Amino acid sequence: MSGHDYDAVNYWKANLRLIFGSLIVWALVSYGFAILLRPMVAGIPIGGTDLGFWFAQQGSILTFIGLIFHYAWRMNRLDEKFGVHEE
């Protein structure tokens, strides 16, 4: 295996770790806190409602938007690290 192939393998491994990490955070926030864990976070007030309802209505959307920016920032760093960034 040449050095270029090895870098491509490591690049995609890092990319997949980032994708799976983002999906885990997204699932935890949107499905976990808003649905499954809602009874546990129901007593925590935020913005005039409980935390579970907030995650279901706004928190999961805001988290998803944050994940998009985080993914773009991290991918730019990965692209530079592996020499595949745009000029």
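In the predicted model, Lys13 has a relative accessibility of 48% and therefore counts as partly exposed, a class that lies between the buried limit of under 20% and the exposed limit of over 50%. Lys13 is placed in helix H1. On the surface, Lys13 gathers with Arg17, Arg74, Arg77 and Lys81 in a patch of positive charge. Two elements give two or more residues to this patch, namely helix H1, which covers residues 3–36, and helix H3, which covers residues 51–81. The largest share of the positive patch is that of H3, with three residues.

The chain as a whole contains three helices and two strands. Read from the N terminus, the order of these elements is α-α-β-β-α. The C-alpha trace spans about 55 × 25 × 15 Å along its principal axes. The radius of gyration of the chain is 18 Å, whereas a value near 12 Å would apply to a compact globule of 87 residues. Buried residues account for 22% of the 87 residues of the chain.

A second surface patch is nonpolar in character. Its area is about 1000 Å², and it is made by Leu16, Phe20, Leu23, Trp26, Ile61, Leu62, Phe64, Ile65, Ile68 and Phe69. At least two residues of the nonpolar patch come from each of H1 and H3. The most is given by H3, which supplies six residues to the nonpolar patch. Helices H1 and H3 thus appear as contributors both to the positive patch and to the nonpolar patch. One of the nonpolar patch residues, Phe64, is located in helix H3. The relative accessibility of Phe64 is 41%, so this residue counts as partly exposed.

Charge pairing was examined next. Side chains of opposite charge can pair when their charged atoms come close. With a limit of 4 Å between a side-chain nitrogen of Lys or Arg and a carboxyl oxygen of Asp or Glu, the count is one salt bridge. The partners are Asp50 and Arg38, and their closest N and O atoms are 3.1 Å apart. Because Asp50 belongs to strand S2 and Arg38 to helix H2 (residues 38–41), the pair ties together parts of the chain that are twelve residues apart in sequence. The two partners fall into separate accessibility classes. Asp50 counts as buried because its relative accessibility is 17%, which is under the 20% limit. Arg38 has a relative accessible area of 32% and is therefore partly exposed.

Two further positions, Gly47 and Phe33, were considered together with their separations from other residues. Gly47 is in the loop between strand S1 (45–46) and strand S2 (49–50). With a relative accessibility of 81%, Gly47 counts as exposed, since the limit for that class is over 50%. Between Gly47 and Arg77, a member of the positive patch, the C-alpha to C-alpha distance is 35 Å, and the two residues are 30 residues apart in sequence. Strand S2 follows this loop and also holds Asp50 of the salt bridge.

Phe33 is located in helix H1, the element in which Lys13 is also placed. The relative accessible area of Phe33 is 24%, so Phe33 is partly exposed. Phe33 and His85 are 52 residues apart in sequence, and their C-alpha atoms are 36 Å apart in space.

Key. Residues numbered from 1 in each chain as written. Predicted model: local features only at pLDDT ≥ 70, side-chain atom pairs only at ≥ 80, totals over all residues. Heavy atoms only, no water. Patch = residues over 30% accessible without salt bridge, like charges linked within 9 Å, V, L, I, M, F, W, Y side chains within 5 Å. Areas by Shrake-Rupley, 256 points an atom, 1.4 Å probe, with all protein chains shown as cover. Lys, Arg positive; Asp, Glu negative; His and termini not counted. Charge placed at Lys NZ, Arg CZ, Asp CG, Glu CD. Helix = DSSP H or I, 4+ residues; strand = E, 2+ residues; numbered from the N terminus. Buried < 20%, exposed > 50% of the residue type's maximum accessible area, 1.4 Å probe, protein only. Rg over C-alpha atoms; globule rule 2.2 N^0.38 Å.
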